[in-house]
Structures are given as structure tokens and as C-alpha cells.
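This report is meant for a reader who meets this structure for the first time. Please look at the sequence and the model together before reading on.

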Amino acid sequence: EVQLVESGGGLVQTGGSLRLTCATSGFVFEDFAIGWFRQALGKEPKEVAAIKISDGSIYHTASVKGRFTISSDNAKKTVYLQMNDLKPEDTAVYYCAADRQFLPSRPYTYRGQGTQVTVSS
């Protein structure tokens, strides 16, 4: 059974940092791409970053470039999203998703439940 479990969300002030963790199981980690999405209240989900595990190719959406960094620990089958210089507009539920194809902004097959990130002004 494929499982993706997010952790690391919370409440932080503007300019602060958080590191989100996506722990995975139930599939061959190296065969997949993992994406981080966020969904603000009343809005559609938006992919913010993705990584192709096999070769480390990465993608970051323009609004987070220079502030967010996606990375993976293949031995732990875990993907991280380091978020720095957080802004109130980053407030959302963040979730990770997995798919065999590395196609940023395309639908993923599997997803986790999400973790809330709230940035206060």
C-alpha cells in the first residue's frame, strides 16, 4: 500500500522557516517523482516543487524560487521541503504526492493527507 505522510507544518511568523517532511512507503522510491503541493482556503491546489528521485531533477514554481528547496534522502525514502523567508501568502495545507512520471503541474497518482502551514503577519 502506497503511503505518504507529511509532517513539519505549524504556525510561524513572517520571515520564518519550516521544514516539511514527506515519509513514503509502499513503492520503489527511486522509480517515482515526488511533488509538494499547497492548497489555500478556497483555492485550487498548486504544485510548488517536485523532484525526480532517480536523477535528482528538480522543479520549483516561480513564486517560491530562492525561498523553498526540495530535497530527498533516498535511504530514508523521504522528501523534504525547506521553506525560508515565509510570507502570509504561503499559508496553506501542504501535501506531497507521488507519480511515476516527472511532469510538474500534471496530476499525481498518490497523495498524502497534508499538513497545515500558517504564516502570521
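Among contacts in the protein between residues at least 6 apart in sequence, 57% join residues at least 24 apart, where contact means heavy atoms within 4.5 Å. The model is a predicted one, in which local features need pLDDT of at least 70 and side-chain atom pairs count only at pLDDT 80 or more, while totals for chains, interfaces and linings use all residues. Residues are numbered from 1 along each chain as its sequence is written, and side-chain values use heavy atoms, with hydrogens and water left out.

## Overall form

The protein has zero helices and 11 strands, helices (H or I, at least four residues) and strands (E, at least two) being DSSP runs numbered from the N terminus. The C-alpha atoms fill a box of roughly 40 × 25 × 25 Å when this is taken along the principal axes. For 121 residues, a compact globule would have a radius of gyration near 14 Å, and the 13 Å of the protein agrees with that; the radius is taken over C-alpha atoms, and the globule rule is 2.2 Å times the number of residues to the power 0.38.

Of the 121 residues, 40% count as buried, a word that here means under 20% relative accessible area, with exposed meaning over 50% and partly exposed lying in between (1.4 Å probe, protein chains only). The protein exposes about 6,400 Å², and carbon and sulfur atoms supply 47% of that area, as given by the Shrake-Rupley method with a 1.4 Å probe, where for residues only the protein chains shown count as cover.

## The four-stranded sheet

Strands of a sheet pair through backbone hydrogen bonds, either parallel or antiparallel. In this model an open sheet of four strands has the order β1-β3-β8-β7, with antiparallel pairing; two strands pair if DSSP finds at least two bridges between them. Strands β1 and β7 (68–73) are the edge strands, each pairing on one side only. On average, neighbouring strands of this sheet are turned by 15° against each other, direction ignored; the axes are lines fitted to C-alpha atoms, for helices over the stretch in contact, and angles run from 0 to 180 degrees between N-to-C directions.

Five bridges join the antiparallel strands β1 and β3, and Gln 3 stands opposite Ser 25 in β3. The side chains of β1 alternate, with Leu 4 and Glu 6 pointing to one face and buried, whereas Gln 3, Val 5 and Ser 7 point to the other face and are not buried. On the β8 side, six bridges join β3 (residues 18–25) to β8 (residues 78–83), and these two strands also run antiparallel.

Thr 21 lies in strand β3 and, at 17% relative accessibility, counts as buried. Leaving out residues up to four places away in sequence, Thr 21 touches Val 5, Glu 6, Ser 7, Trp 36, Thr 78, Val 79 and Tyr 80.

## The disulfide

How many disulfides does the structure hold? There is one, a disulfide being a pair of cysteine sulfur atoms within 2.5 Å. Cys 22 and Cys 96 form this link, with their sulfur atoms 2.1 Å apart. The pair links distant parts of the chain, since Cys 22 is in strand β3 and Cys 96 is in strand β9 (residues 92–99), 74 residues apart. The link is right-handed, with 75° about the S-S bond, and both Cys 22 and Cys 96 are buried. Cys 22 also has a bridge partner in β8, namely Val 79.

## Three loop residues

The table gathers three partly exposed residues that lie in loops.

| Residue | Loop | Relative accessibility |
|---|---|---|
| Gly 9 | between β1 (3–7) and β2 (10–13) | 31%, partly exposed |
| Lys 77 | between β7 and β8 | 36%, partly exposed |
| Asp 85 | between β8 and β9 | 41%, partly exposed |

Phi of Lys 77 is near 55°, a positive value in a residue other than glycine, and phi of Asp 85, also a residue other than glycine, is positive as well, near 50°. Leaving aside neighbours within four places in sequence, Gly 9 is in contact with Leu 18, Leu 20, Thr 115, Gln 116 and Val 117. Gly 9 and Pro 107, by comparison, are 98 residues apart in sequence and 23 Å apart in space, C-alpha to C-alpha.
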